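Here is a short structural report on one protein chain with its ligand. Have the model open as you read.

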Amino acid sequence: MNETDDRTAANSTVLEVTGLGHSYGKHTVLQGLDFTVAKGEFLCIVGPSGAGKTTLLQCLTGLRKPTEGLVVFEGEAVRDTPRGMAVVFQDYSRSLMPWLRVIDNVALPLRSAGVPKGERLDQARAALAEVGLADSTHAYPWQLSGGMQQRVAIARALAFRPHAIVMDEPFASVDAQTRADLEDLVIRLKERLGITVVLVTHDIDEAVYLADTVLVLSGKPASVAALIPVDLPAPRDQLATKALPAFAELRSRVYTLIRTPAAAAAEPPADESEVAPVSAGAGA
Ligand SMILES: Nc1ncnc2c1ncn2[C@@H]1O[C@H](COP(=O)(O)OP(=O)(O)OP(=O)(O)O)[C@@H](O)[C@H]1O
């Protein structure tokens with residue numbers, strides 16, 4: 001049994017993707033994807049620009065129907081975004097309502113879900129406290145920095161008390177320092193609340209820093225080139241973790257897989273247990 005099998009056997013599977021493919025008309029973008037995400041796991045999806053990362057994420061969240069295969073979340077086939085799943089997009093400025101105060105932005109989806117007023121304001125306040133915005137509940141989004149607005153978007157996702165958060169390049173629109181702060185925030189939230197996180201990024205360093213497992217998409221059409229367990233010590237630290245030789249090794253493996261998937265797959269890694277090619281048990 002390799003590390004990937006251990007990973008899925010030790011934890012219960014939350015998300016299961018089987019034979020997933022997607023074509024836009026005659027243009028096949030994704031083909032034959034099989035993988036699982038365990039409860040509490042942090043999975044980062046990386047791949048070259050245009051590989052189909054966003055398309056995959058849309059299929060996982062029920063925002064797009066795959067043309068082939070199946071996505072199962074908590075035992076049920078995904079058709080619309082499941083109740084236990086929250087989605088955070090890159091563009092916070094478009095996802096927040098500028099005319100609503102922060103607390104009302106966070107509480108809005110709860111209102112649509114029929115949660116009574118007192119309860120939804122309590123849940124919204126608690127979620128804002130989780131992301132360090134307890135003092136900004138009455139501000140308008142446009143009075144906040146980009147990083148704070150993205151925190152509001154994360155709070156809005158948390159207010160639902162989801163079991164899983166799916167994020168599409170959530171830190172791509174903020175400066176480097178804010179990005180590092182938000183990365184650490186998401187790691188802390190995941191650990192404290194036991195949430196499963198699936199995050200798409202084009203940034204290999206970010207993927208290795210955040211993930212328990214990095215899923216590398218590559219090829220045309222794209223498939224899973226590898227699921228790479230990231231066995232870096234916790235807690236992760238922006239300086240210490242990134243200075244580790246193991247971090248540099250993982251980063252270069254991911255980079256090589258993205259750039260030259262066939263060559264990387266043919267050349268076994270120094271320690272084979274660290275890289276699990278998808279054919280060696282990445283599926284359910
Ligand atoms: N709605 C659509 N209709 C037709 N083609 C699409 C549509 N959305 C995406 N595509 C095409 O599918 C391919 C994958 O796009 P997608 O946005 O999923 O990739 P990506 O890996 O997220 O890209 P990037 O890293 O640049 O954000 C691209 O060739 C894109 O042009």
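Helix α4 passes helix α6 in a right-handed crossing. A crossing is right-handed if the near helix is turned clockwise from the far one by less than a right angle, and left-handed if anticlockwise. Helices (H or I, at least four residues) and strands (E, at least two) are DSSP runs, numbered from the N terminus. This is a predicted model: local features need pLDDT of at least 70, side-chain atom pairs count only at pLDDT 80 or more, and totals for chains, interfaces and linings use all residues. Residues are numbered from 1 along each chain as its sequence is written.

α4 (residues 102–112) and α6 (residues 146–159) pack at about 35°, with axes 8 Å apart. Axes are lines fitted to C-alpha atoms, for helices over the stretch in contact; angles run from 0 to 180 degrees between N-to-C directions. On the α4 side, V102, N105, V106, A107, P109 and L110 take part. They meet V152, A155, R156 and A159 of α6. Contact means C-beta atoms, placed from the backbone, within 7 Å.

The residue classes of this contact and of the ligand shell are tabulated here.

| Group | Nonpolar | Polar | Charged |
|---|---|---|---|
| Contact of α4 with α6 | 8 residues | 1 residue | 1 residue |
| Shell around the ligand | 3 residues | 7 residues | 1 residue |

Ala, Val, Leu, Ile, Met, Phe, Trp, Tyr, Cys and Pro count as nonpolar, Asp, Glu, Lys and Arg as charged, and the others, Gly among them, as polar.

Which residues lie around the ligand? They are Y24, V29, G47, S49, G50, A51, G52, K53, T54, T55 and H202. The cut-off is a C-beta atom, placed from the backbone, within 6 Å of the molecule. Helix α2 (residues 53–61) gives the most to this shell, 3 residues.

Next, the sheet. Four strands form an open sheet in the order β2-β1-β4-β5, with antiparallel pairing. Its edge strands, β2 (27–38) and β5 (76–77), each pair on one side only. Pairing takes at least two DSSP bridges between strands. Strand β1 (residues 13–24) is joined to β2 by 8 bridges. L15 stands opposite V37 in β2.

Confidence comes last. Mean pLDDT, the predictor's confidence in each residue from 0 to 100, is 88 for the protein chain, and 88% of residues score at least 70. Among the elements, strand β3 (residues 42–46) has the highest mean, 98, and strand β11 (residues 276–277) the lowest, 42. Residues 269–284 have pLDDT below 50. Where pLDDT is low, predicted coordinates should not be read in detail. The model scores ipTM 0.97 and pTM 0.87.

Key
Two residues are in contact if their C-beta atoms, placed from the backbone, lie within 7 Å.
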